[in-house]
Amino acid sequence: MTYASNETVSLMCDRAAREPPLWKIATHTKIVKAHNLPILPEEIQTGIQHKITESFDLRKKSRRLLESAKRAVEIAIDEDEQTAIEWLDREAWESRQVLPVKHDG
């Protein structure tokens, strides 16, 4: 049995990110036949779909966290560290991405 190339899997993942609820490997029979993809049981397809969706959600979250961290450093440089910590606490609370920053003092 042969499997799809990395490029094909990448294209399928891109489509999964755009249309997570509708995407199913087995429903794309032309892709399956053209690339000799194995048709997996429904529960495995659903598991893969959830993992792909989760990975894209986590990627977005990590980008937001990185931008928040960059902004906090900018505030610390322009103003002071305490103001940056307070801003980061508010940002974290509003976005509910992480727990408030713990700090001494």
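These legends walk you through several close-up views of the structure above. The model is a predicted one, in which local features need pLDDT of at least 70 and side-chain atom pairs count only at pLDDT 80 or more, while totals for chains, interfaces and linings use all residues. Residues are numbered from 1 along each chain as its sequence is written, and side-chain values use heavy atoms, with hydrogens and water left out.

**View 1. E67 and K70 join in a salt bridge.** Side chains of opposite charge can pair when their charged atoms come close. A salt bridge here is a side-chain nitrogen of Lys or Arg within 4 Å of a carboxyl oxygen of Asp or Glu, and the structure holds two of them. In this one, the N to O distance is 3.2 Å. Both residues sit in helix α3 (residues 42-78), three residues apart, which means that about one helical turn separates them. Helices are DSSP runs of H or I with at least four residues, numbered from the N terminus. E67 is partly exposed at 46% relative accessibility, and K70 is partly exposed at 40%. For these words, buried means under 20% relative accessible area, exposed over 50%, and partly exposed in between (1.4 Å probe, protein chains only).

**View 2. R71 and E74 form a salt bridge.** Their closest N and O atoms are 3.3 Å apart. Here again the partners lie in helix α3, three residues apart, about one turn of the helix. E74 is partly exposed with a relative accessible area of 41%, and so is R71, with 36%.

**View 3. D78, E79, D80, E81 and E86 make up a negative surface patch.** Patch residues have over 30% relative accessible area and no salt bridge, and like charges are joined within 9 Å. Asp and Glu count as negative, and the place of a charge is taken as CG of Asp or CD of Glu. Look for E79 in the loop between α3 and α4 (81-95); with 51% relative accessibility, E79 counts as exposed.

**View 4. S68 of helix α3 is a buried residue.** Its relative accessible area is 7%. Leaving out residues up to four places away in sequence, S68 touches W87, L88 and E91. Contact means heavy atoms within 4.5 Å.

**View 5. W87 in helix α4 has several contacts.** Apart from neighbours within four places in sequence, W87 is in contact with S68, R71, A72 and I75. W87 and I75 are twelve residues apart along the chain, and their C-alpha atoms are separated by 8.3 Å.

Note on methods
Helix = DSSP H or I, 4+ residues; strand = E, 2+ residues; numbered from the N terminus. Patch = residues over 30% accessible without salt bridge, like charges linked within 9 Å, V, L, I, M, F, W, Y side chains within 5 Å. Areas by Shrake-Rupley, 256 points an atom, 1.4 Å probe, with all protein chains shown as cover.
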